[in-house]
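Dear colleague,

I am passing on to you the structure we spoke about, and I would be grateful if you could look it over before reading my notes. What I found follows beneath it.

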Amino acid sequence: MKKISRIRVMVYMMVFLGIIFVPAWSWAEEAKPGKTIDNLQTAYNGESNASAKYQAYAVQADTEGYHKIARLFRAAASAEQVHLKNHAEVIKSMGATPMADIKLPMVKSTKENLEDAIKGETYERSKMYPDFIAQADDENNAAAVQSFSFAQDAEAEHAMLYKKALENMDKWKKADVNFFVCPTCGYTVEDRPGFANCPLCGMPAADYLIIS
Ligand SMILES: [Fe+2]
Ligand SMILES: [Fe+2]
């Protein structure tokens, strides 16, 4: 009799501990507090400053007669707006307020501005966003992983387009094509997209923003 009672007590204890600890463990898996909220704010601030800078670079490019390069800067500025809005949504969903400190851009010659833009985009796509994605993944923050990933892949395209512009500056005086920007992920292409759906987010290419 005494032996059965002990077993029962042990079973009751196991059930009780299971009720307490299993949900606590599950919760910890879903919402690990970490650095991602700070990384989102850093990215939001970075995209806000990049957008303002590219708008200023576009004005300079038009002034120097590089009208196609001006269009590219405007397209990239528009894509950075998409990224900062995506980051802002995730920040707000985590209960915080997006904050940016927009500095007055230092505008130089268009050649130097392109070199600066390549440097910024290359850092974001090869260092900043990969680190932020790894951290968000570790914290099980799927929304942040997606927002960072969209930005990372679009920045890779920006770096490629800026390099192309730098290598063809004379040819890029004439604004003979428009640029197209995905309003969901910021993917940017030169001339009308040759695909039906965005390769990054899948939305119809017909909905891309036209930047002239
Ligand atoms: Fe970019
Ligand atoms: Fe997209």
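How many salt bridges does the structure hold? There are 10 of them in this model, which, please keep in mind, is a predicted one. Three of these pairs are described below, followed by the largest pocket.

The side chains of D116 and K53 form a salt bridge, with 2.8 Å from N to O. This pair ties together distant parts of the chain, since D116 belongs to helix α4 and K53 to helix α2, and 63 residues separate the two. D116 has a relative accessible area of 29%, so it counts as partly exposed.

Helix α2 also takes part in a salt bridge between the side chains of R74 and D62, where the distance from N to O is 3.1 Å. Here too distant parts of the chain are linked, with R74 in helix α3 (residues 67-93) and D62 in helix α2, although the two residues lie 12 apart in numbering. Both partners are partly exposed, because the relative accessibility is 23% for R74 and 27% for D62.

A further salt bridge joins D176 and K68, whose closest N and O atoms are 4.0 Å apart. It connects the loop between α5 (142-167) and β1 (179-181), where D176 is found, with helix α3, which carries K68, across 108 residues. Is K68 buried or exposed? With a relative accessible area of 6%, K68 falls under the 20% limit and is therefore buried. The pair also belongs to something wider, as salt bridges with shared partners join K68, K164, D176 and E190 into one network.

Turning to the open space in the model, the largest pocket holds about 180 Å³. Its lining consists of T42, G46, N49, A50, K53, Y54, E80, G120, E121, Y123, E124 and M128, so that K53, described above as the salt-bridge partner of D116, appears again here. Which helices each supply at least two residues of this lining? They are α2 (36-63) and α4 (110-138), and of the contributors α2 gives the most, with six residues. In character the lining is evenly divided, with four nonpolar, four polar and four charged residues.

With that, I leave the structure in your hands, and I look forward to hearing your thoughts.

With best wishes

How values were computed:
Residues are numbered from 1 along each chain as its sequence is written. Chains are lettered from A and ligands numbered from 1 in the order in which they are written. This is a predicted model: local features need pLDDT of at least 70, side-chain atom pairs count only at pLDDT 80 or more; totals for chains, interfaces and linings use all residues. Side-chain values use heavy atoms; hydrogens and water are left out. On a 1 Å grid over the protein atoms alone, a cavity is a set of points where a 1.4 Å probe fits but cannot get out, and a pocket is an open set with protein on both sides within 12 Å along at least five of seven lines; lining residues have an atom within 4 Å of a point. Grid points are joined across faces, edges and corners, and a volume is the space filled by probe spheres set on the points. Helices (H or I, at least four residues) and strands (E, at least two) are DSSP runs, numbered from the N terminus. Ala, Val, Leu, Ile, Met, Phe, Trp, Tyr, Cys and Pro count as nonpolar, Asp, Glu, Lys and Arg as charged, and the others, Gly among them, as polar. Buried means under 20% relative accessible area, exposed over 50%, partly exposed in between (1.4 Å probe, protein chains only).
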